Amino acid sequence: ESLKNYAWEAEELKSIYDSKEAIVKDLIAKRFEPPQLTYTRFIGVVDKSTQMFTHQADSALTMINLANEYSVKIEEEIKSKISIMKNITSKLDDLTNELVLTIDKSDDEDINNLFDDMSNLIKSVSDYD
């Protein structure tokens with residue numbers, strides 16, 4: 001009976017992960033426009049994370065649904081899978097935060113180029129007298 005609580009937790013984690021995955025994929029697309037190799041690499045890692053997360057979730061839910069009776073060993077294995085799910089979600093959060101912090105970094109070069117162009121233009125004004 002107490003294993004059913006883990007089913008709720010696993011389903012909740014799946015829902016949270018799905019929304020976070022969509023956000024990180026959107027950020028990756030904004031930061032590294034496809035078809036850049038970097039985009040493909042980042043998306044590949046996120047897809048692999050999703051695959052691992054889904055495997056852990058499905059495995060935990062299968063164990064919960066097939067267990068005939070409560071078992072400490074089964075509960076420990078389910079807890080371990082849920083812990084892995086939480087860790088993968090946490091790493092996804094870390095990636096999201098890093099992408100958010102660097103999303104405008106690509107603009108830095110453009111801004112510096114603009115300032116250089118403006119400085120050159122200002123210096124050249126006297127050339128047009």
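**Notes on salt bridges and a nonpolar patch**

1. Let's start in helix α1, which spans residues 3-31: E11 and K14 both sit there, three residues apart, or about one turn of the helix. The two of them form a salt bridge, with 3.9 Å between the closest N and O atoms. Bear in mind as you read on that this is a predicted model.

2. How exposed are the two partners? E11 is partly exposed at 41% relative accessible area. K14 is partly exposed too, with a value of 24%. The cut-off for a salt bridge is a Lys or Arg side-chain nitrogen within 4 Å of an Asp or Glu carboxyl oxygen, so the E11 and K14 pair, at 3.9 Å, makes the list.

3. Helix α1 also holds E21 and K25, this time four residues apart, again about one turn of the helix. Their salt bridge has its closest N and O atoms 3.5 Å apart. On the exposure side, E21 counts as buried, at 14% relative accessibility, whereas K25 is partly exposed at 26%. Buried here means under 20% relative accessible area, which is why E21, at 14%, gets that label.

4. Don't stop at the pair, though. E21 and K25 belong to a network of salt bridges that also takes in D47. If you're looking at E21 on screen, pull up K25 and D47 with it, as the three are linked.

5. Over in helix α3 (residues 72-102), E77 and K81 are four residues apart, so about one helical turn separates them. Their side chains meet in a salt bridge, at 3.6 Å from N to O. Which of these two is buried, E77 or K81? K81 is the buried one, with a relative accessible area of 10%, while E77 counts as partly exposed at 33%.

6. For the overall tally, a search of the whole structure turns up eight salt bridges. Those covered above include E11 with K14, E21 with K25 and E77 with K81.

7. Now for something without charges. I111, L114, F115, M118 and I122 make up a nonpolar patch on the surface, and together they have about 500 Å² of accessible area. F115, one of the patch residues, lies in helix α4, which covers residues 105-124.

8. Why does F115 qualify for a surface patch? Patch residues need over 30% relative accessible area, and F115 is partly exposed at 48%, so the phenylalanine clears that bar.

Terms used:
Residues are numbered from 1 along each chain as its sequence is written. This is a predicted model: local features need pLDDT of at least 70, side-chain atom pairs count only at pLDDT 80 or more; totals for chains, interfaces and linings use all residues. Side-chain values use heavy atoms; hydrogens and water are left out. Patches are made of residues with over 30% relative accessible area and no salt bridge: like charges are joined within 9 Å, nonpolar side chains (Val, Leu, Ile, Met, Phe, Trp, Tyr) within 5 Å. Accessible areas come from the Shrake-Rupley method with a 1.4 Å probe; for residues, only the protein chains shown count as cover. Helices (H or I, at least four residues) and strands (E, at least two) are DSSP runs, numbered from the N terminus. Buried means under 20% relative accessible area, exposed over 50%, partly exposed in between (1.4 Å probe, protein chains only).
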